[in-house]
Amino acid sequence: MPTVPSETPSRIVQTLARHGYNADREAVTLLARAGDPAAAIEAVVSAAGDDTLRITSSDVRACLDSNAVATGAAVAQSTPAETPETTDSQPENPQNARPNTTSSTPTTTQENQPTTSESPHETEGSKSTGRKEVVAEPTGTADHTQNRNPTPAEITGDITGRSTGTGEYSQFVTTFRDRYEQLSKLLKSRVNHRPATAIADMPGGSDAEMIGLVNDIRSTASGHWLIELEDTTGTFPALVMKDRPIAELVDELLLDECIAVQGTLADDSGILFTDSIHFPDVPRTFRPSTADRHVQAALISDVHVGSQEFMADAWNRFADWLHTEDAEAVEYLLIAGDMVEGVGVYPDQDEELDIIDIFDQYEAFSEHLKAVPGDMEIVMIPGNHDAVRLAEPQPGFDEELRNIMSAHDPKITGNPSTVTIEGVSVLMYHGVSLDEVIAEHPEDKASYDEPHKAMYSLLKKRHVAPQYGGKMRLAPETKDYLTIDTVPDIFHTGHVHKLGWGKYHNVLAVNSGCWQAQTAFQKKVNIDPDVAHAPIVDLDTLDMTVRKFA
């Protein structure tokens, strides 16, 4: 007889999964409310046909009626689930309303008063700005008259199955040439570009404008900045005077990113005195697409199953909450990498592993994933702890790992990829380059406590990993899969284990924290993770609520 340790939806889903069955949400609810869930599951499993894959509410009702394993009204009539207790709700903008999709602040609720900063184009929420969140403590289940009905996600920009790189020098040249071609198109409407060789032939004192990749940045003996730009014809130096307002933009520059400069040539035409710097950027007129119905997506990352610090109890609370009436609109689960802890990722990692075999880690992750309602659409990309190549773009998991994680038939795509759900495009990127951005930028522009600001920088540069070298590994391909050629409605990352979100030129940027408590290694490098948070995005408004399950 199947055994159910407690009457929670996640336990019931896991028990059914061990018997090879998925189940819709109402079926799980009915089983949870049966007088004897274990007997009810045994009856349903015994009655299921050989070709049955999903247990439905009709299957459960028929079985309960014929076997009389329910206790009176527990099945005949269900009661709504308890919803998390919150304060500081915003009745003037309820969750089911459809306010202006370009409102500056994501709508959320919290235990404490929120203190968000606002500007015409950028708003955010994080620890430092007064994080807005709901502490979710589901204590019951709800009977639903309708199941989730997600539409299949559309995937673009996926490297999986398309990788042709072998690491030859000529292929790196091809990748960077494609980067230049893609991003220079976004800048040519703003400047009258001249090739580097043509600028060198212009008379001294001429006005000149150039688009190029940043080949070098160095300071002069006088404290000015010399930026060497490279296009397809050669290189040319641009000088930024330290007392010019644009000098502060030099602090934001990364090697290998694409920018445009305008200025005046020196008398000998050997250098360009720079008056302005332009980035590809997201247009300030950008208006995101939204869903035409009220539907939500949960954005998470960095689950790290296999680590001794994986928070299984918090994950189970999250899975249980997804089965409640309060989460009825959550039809999509997007996971931005690091499903498992991996093996040999950092020094002495073996001392912090609960599961030492990588395939066993994925088996355990799959079991935890089974606790999620079977009628949710799940999309996942790999991260740097996963069993794929480290060089980006990363292809999706191979067939062996896909088979291990096949219970929900999730969509598995590469890192990065753009996932379109309900007409809303979500750029999913695990986020290794955020380390480089945070290291190279001033603290007020990017920090681990405010990871969304580092994401703003990537949107501004229209590239998820502009700087090659250091911790950033690049796989040369026939095209640069890391450019942000089309502006997404949502930008979703992970990796840094910190929670932060905000809107940059109306693009919602979300870094979703993690499900792993602080490890000894993280303590050494002074990382205090934000654990067991689930950002929930209303796809019809792009407002967001953060649910906390720790």
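**Buried turns, cores and helix packing in a predicted model**

At 1% relative accessibility, Asp338 counts as buried (under 20% relative accessible area, with exposed meaning over 50% and partly exposed in between, for a 1.4 Å probe and protein chains only). Asp338 lies in the loop between β12 and α10, and although this residue is not a glycine, its phi is positive, at about 60 degrees. Asp409 offers a companion case: its phi is near 50 degrees, again a positive value in a residue other than glycine. Asp409 sits in the loop between α11 and β14 and, at 65% relative accessibility, counts as exposed.

The model is predicted, so local features need pLDDT of at least 70 and side-chain atom pairs count only at pLDDT 80 or more, while totals for chains, interfaces and linings use all residues. Residues are numbered from 1 along each chain as its sequence is written, and side-chain values use heavy atoms, with hydrogens and water left out. The mean pLDDT (the predictor's confidence in each residue, from 0 to 100) of the protein chain is 84, and 83% of its residues reach 70 or more. Over residues 1–6 pLDDT stays under 50, and the model has 16 contacts for them beyond four places in sequence (contact means heavy atoms within 4.5 Å). Residues 127–131 also have pLDDT below 50, with 19 contacts in the model beyond near neighbours in sequence.

The protein chain holds 14 helices and 21 strands; these are DSSP runs numbered from the N terminus, helices being H or I of at least four residues and strands E of at least two. Buried residues make up 58% of the 550 residues in the chain. Of the contacts with a separation of 6 or more, 72% come from residues 24 or more positions apart. Helix α2 (residues 25–32) is largely enclosed by the rest of the structure, because eight of its eight residues are buried. Its buried residues include the charged-to-nonpolar neighbours Arg25, Glu26, Ala27 and Val28.

The largest nonpolar core (buried Ala, Val, Leu, Ile, Met, Phe, Trp, Tyr and Cys residues joined through side-chain atoms within 4.5 Å) has 38 residues, of which Phe318, Ile335, Phe365, Met380 and Trp515 touch the most other members. Among the elements that give two or more residues to this core are β11 (296–300), β12 (330–336), α10 (358–369) and β20 (533–538). Helix α9 gives the most, with five residues. Leaving aside residues up to four places away in sequence, Ile335 touches ten-strong company that includes Ile300, Phe365, Leu369, Met380 and Met428. A second, separate core of 37 residues includes Leu427, Tyr429, Ala465 and Leu474.Helices α12 (residues 433–440) and α13 (residues 451–461) have axes that come within 9 Å and cross at roughly 100 degrees; the axes are lines fitted to C-alpha atoms over the stretch in contact, with angles from 0 to 180 degrees between N-to-C directions. The two helices are therefore roughly perpendicular to each other (65 to 115 degrees; under 35 counts as roughly parallel, over 145 as roughly antiparallel and the rest as oblique). Ser433, Leu434, Val437 and Ile438 of α12 meet Ala454, Met455, Ser457 and Leu458 of α13.

Two cis peptide bonds complete the picture: one joins Glu392 and Pro393, with omega about 5 degrees, and the other runs from Asn415 to Pro416, with omega near 5 degrees. Pro393 is found in the loop between β13 and α11, whereas Pro416 is in the loop between β14 (411–412) and β15 (417–421).
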